[in-house]
Amino acid sequence: MELNIRELSQWGIPYSDVFVISGPCSAESRKQMIDTACAIAKYPVSALRGGIWKPRTRPGSFEGVGAEGLAWLREAGDRAGLPVTTEVAKPSHVEKCLRQGIDILWIGARTTTNPFAVQEIADALRGVDIPVLVKNPISPDLGLWIGAIERVNQAGITRIAAIHRGFCSFNEKVYRNTPEWRIPIELRRKIPKLPMICDPSHICGTVELLSGIIRKAMDLLFDGLMIECHINPRAALSDAQQQVTPRELGVLLSHLNVKQVSTDDPHYLRSITHLRSTIDILDEQIMQLLLQRMNISMDIGRLKKQNNISILQPERLQKMLQDRLESANRLGLDEQFVLRLYQYIHEESIRKQELVESGD
Ligand code: PEP
Ligand code: MN
């Protein structure tokens, strides 16, 4: 589907290099909002955030102050000279935000997961010219993320950005939400014009990990960052562990290393061209080898068929993976990478043998 999306530079919101949104997870009081906003306005921040309605996973935790907080958010933004943004999860939120003059809306991760909810929000936005940020769904499902972006765009919203806030995972131990970088990378490949914002706070869940994720986001050419910041994080009513103080925000932003896609430096251009052509040659050789390997798999498939032998050979698979991991270690290749690669190769080899089996 062809999307009609405006670049960040055409949004009419000033920013330098990186579009930074910061502010507390939740608006808790008028004073907390004003103090936080005025403290972060010293730094290169482009918009003030503050959650008004909080989608809590389980009941009983702080669910946001509700519509009353919109006036605090608005006043804090005005005092700090910043546009303001909050999360909307249903049409009544959209209406209240529009009435209060909120500048930017975002759709949260739990809402993006539900096409019914996204469609209702999109319908409430029809005919309104406001920027909308769409967080990724909590499950690693790029289709749902793109679907939500399409629904909002079809409602006539052209100032749209995606926010990458990581994905829920049962096994993840380090991050609160696994980054799964290949998903935002794939989103960028599919919709190159779409501005992309990284939310390291919800990926990390803890302040110590933020700088690593921010560095990675800059390396992957994200256009913006959403970083939670609270005047007194320890007293925060939600997400206390992941919110930085304004001073810490200043330090993080002063270390931003913004990357360019390219340069006209002739030395760089010559070296990169040389290295890339070497990679192209190696990839061609890898393909040739894969083809040879698959042809041998088919020979093996024929042999098994003639002798009525099962395609899957658990012991051989175990031994093969073990040997490859040993080679990986010997050569200094990452074990997980080699394991995943050979699982793929083996899967394809089984598919080829099944083709032989089902033919005559
Ligand atoms: C938030 O930004 O505070 C929030 C609830 O985010 P998410 O939807 O990414 O969980
Ligand atoms: Mn939060």
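## Exercises on a predicted barrel model

A polar contact of 3.0 Å links the side chains of His230 and Glu28; such a contact is a pair of N or O atoms within 3.5 Å, where, within protein, one must be able to donate a hydrogen and the other to accept it, and residues adjacent in sequence count only if both atoms are side-chain atoms. This is a predicted model: local features need pLDDT of at least 70, side-chain atom pairs count only at pLDDT 80 or more, and totals for chains, interfaces and linings use all residues. Residues are numbered from 1 along each chain as its sequence is written, chains are lettered from A and ligands numbered from 1 in the order in which they are written, and side-chain values use heavy atoms, with hydrogens and water left out.

**Exercise 1. Describe the setting of His230**.

Step 1. Locate the residue. His230 sits in the loop between strand S8 (224-228) and helix H10 (246-254). Helices (H or I, at least four residues) and strands (E, at least two) are DSSP runs, numbered from the N terminus.

Step 2. Check exposure. His230 has a relative accessible area of 2%, so it is buried (under 20%; exposed is over 50%, partly exposed in between; 1.4 Å probe, protein chains only).

Step 3. Add a backbone partner. The His230 side chain reaches the backbone nitrogen of Asn232 at 2.8 Å.

Step 4. List neighbours. Leaving out residues up to four places away in sequence, His230 touches residues including Pro24, Gln32 and Thr36. Contact means heavy atoms within 4.5 Å.

**Exercise 2. Find the protein donors of the manganese ion (ligand 2)**.

Step 1. Read off the atoms. They are Cys25 (SG), His202 (NE2), Glu228 (OE) and Asp239 (OD), at 2.1 to 2.4 Å from the ion. Donors are N, O and S atoms within 2.8 Å of the metal (3.2 Å for Na, K and Ca); water is not among the atoms, so sites may look incomplete.

Step 2. Write the spacing. It is C-x176-H-x25-E-x10-D.

Step 3. Place one pair. Glu228 lies in strand S8 and Asp239 in the loop between S8 and H10, 11 residues apart.

Step 4. Check burial. Glu228 is buried at 0% relative accessible area. Asp239 is buried too, at 15%.

**Exercise 3. Trace the barrel and one of its strand pairs**.

Step 1. Give the order. The closed barrel has eight strands, S1-S2-S3-S4-S5-S6-S7-S8, paired in parallel. Strands pair if DSSP finds at least two bridges between them.

Step 2. Take S5 (residues 132-135) and S6 (residues 160-164). Four bridges join them in the parallel sense.

Step 3. Pick a bridge. Leu133 is partnered by Ala161 in S6.
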